[in-house]
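I opened a fresh page for this structure and noted down each thing I looked up, in the order in which I came to it.

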Amino acid sequence: MNVHPLIAAALAAPKTHKVVTSYADGSTKEHLTASVSQANNWATGERRKIGRDLINRATGLTVRVISVDIKEI
């Protein structure tokens with residue numbers, strides 16, 4: 001079974017929703033998805049981080065997740 005065409009089709013699918021994660025320092029992170037179902041699945045994992053202190057990979061500083069929103073593009 002060749003999965004390359006399936007992966008290419010998934011990557012080419014138009015992005016219709018985004019999950020926006022907001023941090024206490026004012027920064028945000030966006031994750032684009034091809035459907036509301038994908039956005040809900042991604043947001044579930046992001047919501048588990050609300051209230052937790054995480055390390056920002058770009059700066060190495062500690063940041064706190066304050067909210068996760070799903071928005072239609």
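**Pocket.** I began with the largest pocket, for which I found a volume of about 200 Å³, bearing in mind that the model is predicted. I listed its lining as Tyr23, Lys29, Lys49, Leu54, Ile55, Asn56, Arg57 and Val63, and when I sorted this lining by class I had four nonpolar, one polar and three charged residues.

**Sheet.** I then turned to the strands and found an open sheet of four, in the order 2-1-4-3, with antiparallel pairing. Strand 2 (28–33) and strand 3 (53–55) stand at the edges with a single partner strand each, so one side of each has no neighbour in the sheet. I noted that neighbouring strands are turned against each other by 40 degrees on average, with direction ignored. Following strand 1 (residues 17–23), I found that six bridges join it to strand 2 and that the two run antiparallel; Val20 stands opposite Glu30 in strand 2.

**Helix on the sheet.** I saw that helix 2 packs on the sheet, where it touches strand 1, strand 2 and strand 4 (62–72), and that its direction makes about 165 degrees with that of strand 4.

**Ala43.** Within helix 2 (residues 36–47) I picked out Ala43 and asked myself whether Ala43 is buried or exposed. Ala43 counts as buried, because its relative accessibility is 0%, where the cut-off for buried is under 20%. Setting aside neighbours within four places in sequence, I found Ala43 in contact with Val19, Val68 and Ile70. Last, I looked up Ala58, which lies 15 residues from Ala43 along the chain, and found their C-alpha atoms separated by 21 Å.

Methods
Residues numbered from 1 in each chain as written. Predicted model: local features only at pLDDT ≥ 70, side-chain atom pairs only at ≥ 80, totals over all residues. Heavy atoms only, no water. Buried < 20%, exposed > 50% of the residue type's maximum accessible area, 1.4 Å probe, protein only. Contact = heavy atoms within 4.5 Å. 1 Å grid on protein atoms, 1.4 Å probe; cavity = no way out; pocket = protein on both sides within 12 Å on 5 of 7 lines; lining within 4 Å. Points joined across faces, edges and corners; volume = space filled by probe spheres on them. Nonpolar A, V, L, I, M, F, W, Y, C, P; charged D, E, K, R; others polar. Pairing = 2+ DSSP bridges. Axes fitted to C-alpha atoms, helices over the stretch in contact; angles between N-to-C directions.
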